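Trainee: Could you show me how to read an interface between two chains, and then a cavity?

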Amino acid sequence: MNSFLRTFARNRGAVIGLCILVAVVAIAILAPLLYPGSPWRMVHRPFLAPFVLDRAPLGSDTVGRDILAGLVHGSRVSLLIGLVSTLVALLVGVPLGAISGYFGGWVDAALMRVTEFFQTIPSFALAIVIVSILQPSVGSIVLAIAIVSWPPVARLVRGEVLSVRTRDYVQAAIVTGQPVHKVILTEVLPNVVSPVIVLASLMTATAILLESSLSFLGLGDPNVMSWGYMVGSGRSRVLDQWWISFIPGTAIFVTVLALNLIGEGLNDAFNPSLRGRRT
Amino acid sequence: MTFALFLLRKALGAAVILIAIAALNFFLLRLAPGDPAQVMAGEAGAGDAVFLQQLRERFGLDRSLAEQFWLYIKGMLSLDLGFSYRQQRPVLDLILERLPATLLLTGTALIISLAAGVTLGVVAARRVGRASDSAIMTGSLVFYAMPLFWLAIIAQIVFSKYLGWLPNVGYESMGAGYTGARRTLDIGWHLIMPATTLGLFFTAVYARMMRSSMIEVSRFDYVKTAYAKGLTPGAVVRHHMVPNAILPVVTLAGLQAGQLVGGSLLVETVFAWPGIGRLLFDALLQRDYQVLLGVFFTCSAMVILFNILTDLMYRFVDPRIEAVS
């Protein structure tokens, strides 16, 4: 564990990423304290430029909502949807991958066909269809993102399980007559945790991008402020009041970058021998 | 395996997936709350009674679910993607009208990103750890994390508004009435910004992949042999390393076809590019589900076609594949 932390800490990008992420999480938690009240309230005159008014440090949007307030509240949705949809995708992908890799044979063949099918479907287009048919809400967005992001988890876990299953300690557990679910849970899965953690951090980044893209197209939850919605709402005035779209976009970019950096740092720390070889 | 057999197997696989996607479409439509006929017509109250009755008959909405399913799949197989009440036209017509623009955009973006990504990856791999390598890797990290729609907006602000180099939106100059070569040039001019924006994300991905693939390949004996027989470093890279290192990049390009199509939906929306992405955006605003599902079906078909093309390319780049399979 110590050498793991040391390797991670030596990766400058990963540490910077972690600092950014901690800051964003803190802002999301403290949002109601930092900006009490609804971020939808129109509190200024519209199209206020940043750094002009002390009360609105980042200016106001097309209808006079405070951009900083939107940014602070929007962080909650981005992080929440990113995390929850990744968790749901893991809950689907890990068991499917484990079953597929452990049992092999026709079970594996069938499950992998289904996985390949979901990998072929263009994920963003499917997410759009699901959210728009179920009506946009946090729940439908989480569901849509989870549905399009579990296949890589299943494939990764399957591959790892395939190689772990043949190891002696797993065979020993089987021979001693332990039930299948116990072998999978206590002997096989603990050995696949590290690559799954790396993948999960990258998936959270992708989920945040997906959520923001959906709300940019008007498919965000209409009851919660989100960064993607803010970019979309400023789009009609982008050539004149560019900051209305630019500022929330920066927030998405920085958060996603931080998560990618962390993912890379974790990967290097888990696999010291592979450093610098991963893409 | 002979080439004909290979194509036949691919075609069969594609047909199965397309039918599965049609089935998915059918169930997605049934997920929508409310009367299916109303849902298909658009928002409640969008279609008049006559049209709703037509829909019920066409899709057999008063019959059993199994019969409905059969009717739907039969319709899809004969390429009947439904009728847009909003636009008063068959969905297939709407899509076919917009498809060339999308193919032009995604195709150009793919070529740009493969060319730039492979070049940058090779450059970085030859200078591992040096300034140019770090610059390329940092750049790819940055573009990998950028929301595509945001990058598109920034490009508009910088290159249209402030520099005035490129047209802001659209497919060609409105009302200019260009024909022939002038028109082609004009479309190309409008294509630069959307295609580059879409391509940058994939350039980042391919550059990273190509770099690590080149590093991997450099450890093989045939590379040492090539150096040992006195070839210049440039010749070793060109003739021995790149042809081998490019294989995983081709695989990756195939896997990411869906993302390319998805990205094009966003880029088209920002740049008012008249492709199926723009059509989808309008359909979203009007809750025109028939068009929505039609676009989804078309996107999936594009991905399948693209995957077959990558497989073909793969066989072309690496003849050993044929021997193995």
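The dialogue below takes the interface, then the largest cavity.

Mentor: This is a predicted model, in which local features need pLDDT of at least 70 and side-chain atom pairs count only at pLDDT 80 or more, while totals for chains, interfaces and linings use all residues. Residues are numbered from 1 along each chain as its sequence is written, chains are lettered from A and ligands numbered from 1 in the order in which they are written, and side-chain values use heavy atoms, with hydrogens and water left out.

Trainee: How many residues does each chain bring to the contact?

Mentor: With contact meaning heavy atoms within 4.5 Å, chain A brings 42 residues and chain B 49 residues.

Trainee: What area do chain A and chain B bury between them?

Mentor: The size of an interface is often given as the accessible area lost when the parts come together. Here, with a 1.4 Å probe and the loss summed over both parts, chain A and chain B bury about 4,200 Å², 75% of it on carbon and sulfur atoms.

Trainee: Which residues form the salt bridge across the interface?

Mentor: The rule (a side-chain nitrogen of Lys or Arg within 4 Å of a carboxyl oxygen of Asp or Glu) finds 1 salt bridge there: Glu264(A) pairs with Arg208(B), their closest N and O atoms being 2.7 Å apart.

Trainee: What is the volume of the largest cavity?

Mentor: A cavity is a set of points on a 1 Å grid over the protein atoms alone where a 1.4 Å probe fits but cannot get out, and the largest cavity holds about 80 Å³ of space, the volume being that filled by probe spheres set on the points, joined across faces, edges and corners. Its lining residues, which have an atom within 4 Å of a point, include Arg58(B), Tyr72(B) and Asp80(B).

Notes
Buried area = accessible area lost by both parts, 1.4 Å probe. 1 Å grid on protein atoms, 1.4 Å probe; cavity = no way out; pocket = protein on both sides within 12 Å on 5 of 7 lines; lining within 4 Å.
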